[in-house]
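Here's a structure to get to know by asking how each label is earned. Take a look, and then we'll go through the questions.

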Amino acid sequence: MERKPLDTLIGKSGLWVSRNGRLHGVKKCETSQKYIRIEMDCGDIITVRNSRNSSSARALRTHKFHKPCKRCRLSEDRINEFSKNISRKDENEIKIVHSFRLKPENTNHKTDLDVAEVARIAKVSPSNIHNQPKAGTNSTSANNPKSLPESSRRDSSPSNPGNNSKAKKTSSQPQPKSKKTEFTPLQKNRILSLLGPGEMISFSKEKRSFAELESTLTLQRKKDIREMYEDSRENLLGKLERTITEFFVDMGFLEVKSPILIPFEYMERMGVGEDKKLSEQIFRVGDNMCLRPMLAPGLYNHLRKFDNVLPDPVRIFEIGPCYRKESDGNSHLEEFTMLNFCQMGSNCTRDELEYLIKELLDFLGIEFEIVADSCMVYGDTIDVMHKNMELSSAVVGPVPMDMDWGVNKPWIGAGFGLERLLKAKHDFKNIKRAARSESYYNGISI
């Protein structure tokens, strides 16, 4: 059967089946790209997704409903017309139910079954079996032993005490333990996203259902957001940028801001031409432009232009967004915020570089260690690590590419990802909690 969307099904029948199985008449229906706003004849108004797979869509396709809405006052013709259009499978199920229906006019019919048995054979719930004989009639009853199948009469007969004792023994046995709660991968991801910073959960030991657990965590996150609003109202990423700016200005560095959209020729000067594997990570804009994947091109230009203008040594820094097609992981982002600082001229030594790094991270309260490394762009580097996560890659110049930028003096510099600094400082499990996001605010799910 073709799965048509809800708006098509409603437009064809002019009816709506609610979650509780009520059949409503549709007075007005407005459709957007994803949602439908339905006004019913009874005055109820709901907004639902224009889905092909929802329970209401299935009910409209199979023409199944529990009972019509009294306030909608649907005519018998509309109800009967809707009821006629049922699938062959449904017709077969209904025929099975009818063939085993209890017949009040034949109380001695030995093949009559109780409602639960009919439901089991027809594979429908007992509540869906209609037209059962009313109480007080001479229909088949559990109190009438003659109406039961012969095997049932034998089992329940007083002359067979062995069966009764066996039944009593069975009833006295302990009930089996309830199964532990199982979570699907999607449900696990949802629960993990709702955990607060520092919270943990063991799915193997969790006894609450997914719906109960999701509701509890959602309410707690709303409470956290309200408390945060009362306490600070500062975004952690913005606050960190302001804190770092204050630190470097006090250390005598000049803040600069360079363009985000840069010529691709800058990347070629950085040694990342189109023939390099790293160029695949760059977001290209047209044939000749790209989104900057690092702040270094802008700092190179500023160092050259400020040389012989500012006092020695020249000290500059920049904080701004960068873009790179990063691999998936809990420490990578395609849009991230970088801090780069440089010093050119006198006292550009490794000791001075490590001193500046230590002063910054001690000021931010982040533990770190320094290890030696190398990269394609700069050659030998100094990596700043927090546990197993790289916070920064630092360089002691000069390096061969300096001549392509017109820089001919010693320099030192380092680049930090602000989101990684937040992840380290607040122990976020995923860097997305620290990033520009519409799903998290200060690491809390919204």
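Q: Among contacts in the protein between residues at least 6 apart in sequence, what percentage join residues at least 24 apart?
A: That's 59%. Keep in mind that the model is a predicted one. Its secondary structure comes to 15 helices and 17 strands, and 37% of the 446 residues count as buried.

Q: Why is Thr47 called exposed?
A: Exposed means over 50% relative accessible area, and Thr47 has 53%, so the label fits. Thr47 sits in strand β4, residues 45-49. Leaving out residues up to four places away in sequence, Thr47 touches Tyr35, Ile36 and Arg37. From Thr47 to Cys29 it's 18 residues in sequence and 9.8 Å in space, C-alpha to C-alpha.

Q: Why does Arg73 count as exposed, and why does Asp427 count as partly exposed?
A: The cut-off for exposed is over 50%, with buried under 20% and partly exposed in between. Arg73 has a relative accessible area of 75%, so it goes down as exposed. Asp427 is at 39%, which lies between the two limits, so it is partly exposed.

Q: What makes the phi of Arg73 worth a remark?
A: Arg73 has a positive phi of about 55° although it is not a glycine. You'll find Arg73 in the loop between β5 (67-68) and α3. Asp427, also not a glycine, has a positive phi near 55°, and Asp427 is in the loop between α15 and β16 (440-441). His63, just after α2, has a positive phi too, of about 60°.

Q: Which residues of helix α2 are buried?
A: In α2, residues 55-62, the buried ones are Ser56, Ala57, Ala59, Leu60 and Arg61. Their cover includes α1 (6-13), β1 (15-17) and α3 (76-84).

Q: What makes a set of residues a nonpolar core, and which have the most contacts inside the largest one here?
A: The members have to be buried residues of the nonpolar kinds listed for a core, joined through side-chain atoms within 4.5 Å. The largest core has 33 residues, and those with the most contacts inside it are Ile244, Phe248, Leu339, Phe341, Leu391, Phe416 and Leu421. At least two residues each come from α10 (236-250), β10 (314-323), β11, α13 (350-364), β13, β14, β15 and α15. There's also a second, separate core of 25 residues, including Tyr266, Tyr300, Leu303 and Val377.

Q: What is Leu391 in contact with, leaving aside its neighbours within four places in sequence?
A: Its partners include Leu361, Ile366, Val384, His386, Phe416 and Leu421.

Q: How much space lies in the largest pocket, and which residues lie nearest its centre?
A: About 1000 Å³. The lining has 44 residues, with Met294, Arg324, Met338, Glu390 and Ser393 nearest the centre. Elements that give two or more residues to the lining include α12 (296-306), β11 (335-344), β14 (389-396) and α15 (418-426). The lining divides into 25 nonpolar, twelve polar and seven charged residues.

Q: Where are the cis peptide bonds at Pro313 and Pro398?
A: One joins Asp312 and Pro313, with omega about -5°, and Pro313 is in the loop between α12 and β10. Another runs from Gly397 to Pro398, with omega near 10°, and Pro398 is in the loop between β14 and α14 (402-405).

Methods:
Residues numbered from 1 in each chain as written. Predicted model: local features only at pLDDT ≥ 70, side-chain atom pairs only at ≥ 80, totals over all residues. Heavy atoms only, no water. 1 Å grid on protein atoms, 1.4 Å probe; cavity = no way out; pocket = protein on both sides within 12 Å on 5 of 7 lines; lining within 4 Å. Points joined across faces, edges and corners; volume = space filled by probe spheres on them. Helix = DSSP H or I, 4+ residues; strand = E, 2+ residues; numbered from the N terminus. Nonpolar A, V, L, I, M, F, W, Y, C, P; charged D, E, K, R; others polar. Buried < 20%, exposed > 50% of the residue type's maximum accessible area, 1.4 Å probe, protein only. Contact = heavy atoms within 4.5 Å.
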